[in-house]
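User: Could you take a close look at one aromatic residue in this model and the surroundings it sits in? I'd enjoy a connected walk from there into the rest of the fold.

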Amino acid sequence: QVQLVESGGGLVRPGGSLRLSCAASGSIFSIYDMGWYRQAPGKQRELVAVISSAGSTNYADSVKGRFTISMDNAKNAVYLQMNSLKPEDTAVYYCRADLWVSVYGPPSEDYWGQGTQVTVSS
């Protein structure tokens with residue numbers, strides 16, 4: 001079975017940096033894309049960044065120039081380097097993957113991590 005395991009969240013001061021990691025465990029036939037979403041209390045979950053297996057990326061306007069998403073296909077992992085963090089970046093960050101787990105199963109399924117807290121505060 002496939003699970004997404006996240007790490008790297010924590011408390012950081014404004015202007016600081018964090019690196020989030022997410023690895024998909026289990027056998028995977030193909031990765032379509034992997035990305036990061038975030039949700040603050042009382043707010044809608046929003047896309048932060050996504051990367052396809054071909055390397056194309058998409059970022060929310062609010063994080064362009066500050067965040068960088070990358071993927072390691074060999075490890076079935078995605079990373080989010082977050083620099084110049086701001087208090088408004090505070091949220092629970094969720095890893096999401098669109099995967100083809102088995103050639104015998106559905107060609108596309110969404111998987112979600114449990115979320116990791118990122119708090120930017122002085």
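User: Is Trp112 buried or exposed, or something in between? Please start there and work outwards.

Analyst: Happy to. In this predicted model, Trp112 has a relative accessible area of 37%, so Trp112 counts as partly exposed, lying between the 20% limit for buried and the 50% limit for exposed. Its ring has an aromatic partner: Tyr37 and Trp112 form a tilted pair, with 5.1 Å centre to centre and 55 degrees between the planes. That contact links distant parts of the chain, since Tyr37 belongs to strand 4 and Trp112 to strand 10 (residues 109–112), 75 residues apart.

Trp112 also has a charged neighbour. The charged end of Arg45 sits over the ring of Trp112, 4.8 Å from its centre. The charged end of Arg45 sits over the ring of Tyr94 too, at 3.8 Å from the centre of that ring.

The aromatic pairs in the model number two. Besides Tyr37 with Trp112, there is Phe29 with Trp100, which is edge-to-face, with 4.8 Å between centres and 75 degrees between planes. Here too the contact links distant parts of the chain: Phe29 is in the loop between strand 3 and strand 4, whereas Trp100 is in strand 9, 71 residues apart.

Tyr37 leads us into strand 4, which has antiparallel partners in both strand 9 and strand 5. With strand 9 the pairing runs over nine bridges, and Met34 stands opposite Ala97 there. With strand 5 there are six bridges, and Trp36 faces Ala49. Strand 4 and strand 5 form a hairpin with six residues between the strands, where Gly42 takes a positive phi near 75 degrees.

Trp36 brings us to the nonpolar core. The largest one holds 33 residues, and Trp36, Leu80, Met82 and Tyr93 touch the most other members. At least two residues of this core come from each of strand 3 (18–25), strand 4 (30–39), strand 5 (46–52), strand 7 (67–72), strand 8 (77–82), strand 9 (91–100) and strand 11 (116–120). Strand 9 gives the most, with five residues.

Strand 9 is also one end of a covalent link. The model has one disulfide, formed by Cys22 and Cys95 with their sulfur atoms 2.1 Å apart. A value of -80 degrees about the S-S bond makes this link left-handed. The disulfide joins distant parts of the chain, with Cys22 in strand 3 and Cys95 in strand 9, 73 residues apart. Both Cys22 and Cys95 are buried.

From Cys22 we can step along strand 3 into an open sheet of four strands, ordered 1-3-8-7 with antiparallel pairing. Strand 1 (3–7) and strand 7 are at the edges, each with a single partner strand, so one side of each is left without a neighbour in the sheet. Ignoring direction, neighbouring strands of this sheet are turned by 15 degrees against each other on average.

Inside that sheet, strand 1 and strand 3 run antiparallel and are joined by five bridges, while six bridges join strand 3 to strand 8, again antiparallel. Ser21 makes a handy reference point in strand 3: Ser7 stands opposite Ser21, and Ser21 stands opposite Tyr79 in strand 8. Further along, Leu18 has Met82 of strand 8 as its bridge partner, and Met82 is among the core members that touch the most others.

Finally, the loops around strand 8 hold two backbone details worth a look. Most residues other than glycine have a negative phi. Asn76 nevertheless has a positive phi near 50 degrees, in the loop between strand 7 and strand 8. Ser84 also has a positive phi, about 50 degrees, although it is not a glycine; Ser84 is in the loop between strand 8 and strand 9. Their surroundings differ in exposure: Asn76 has 17% relative accessibility and therefore counts as buried, under the 20% limit, whereas Ser84, at 39%, counts as partly exposed.

Note on methods. Residues are numbered from 1 along each chain as its sequence is written. This is a predicted model: local features need pLDDT of at least 70, side-chain atom pairs count only at pLDDT 80 or more; totals for chains, interfaces and linings use all residues. Side-chain values use heavy atoms; hydrogens and water are left out. A nonpolar core is a set of buried Ala, Val, Leu, Ile, Met, Phe, Trp, Tyr and Cys residues joined through side-chain atoms within 4.5 Å. Buried means under 20% relative accessible area, exposed over 50%, partly exposed in between (1.4 Å probe, protein chains only). Rings of Phe, Tyr and Trp (its six-membered ring) pair if their centres lie within 6.5 Å; planes under 30 degrees apart count as stacked, over 60 as edge-to-face and the rest as tilted. A charge sits over a ring if NZ of Lys or CZ of Arg is within 6 Å of the ring centre and within 35 degrees of the ring normal. Two strands pair if DSSP finds at least two bridges between them. A disulfide is a pair of cysteine sulfur atoms within 2.5 Å. Axes are lines fitted to C-alpha atoms, for helices over the stretch in contact, and angles run from 0 to 180 degrees between N-to-C directions.
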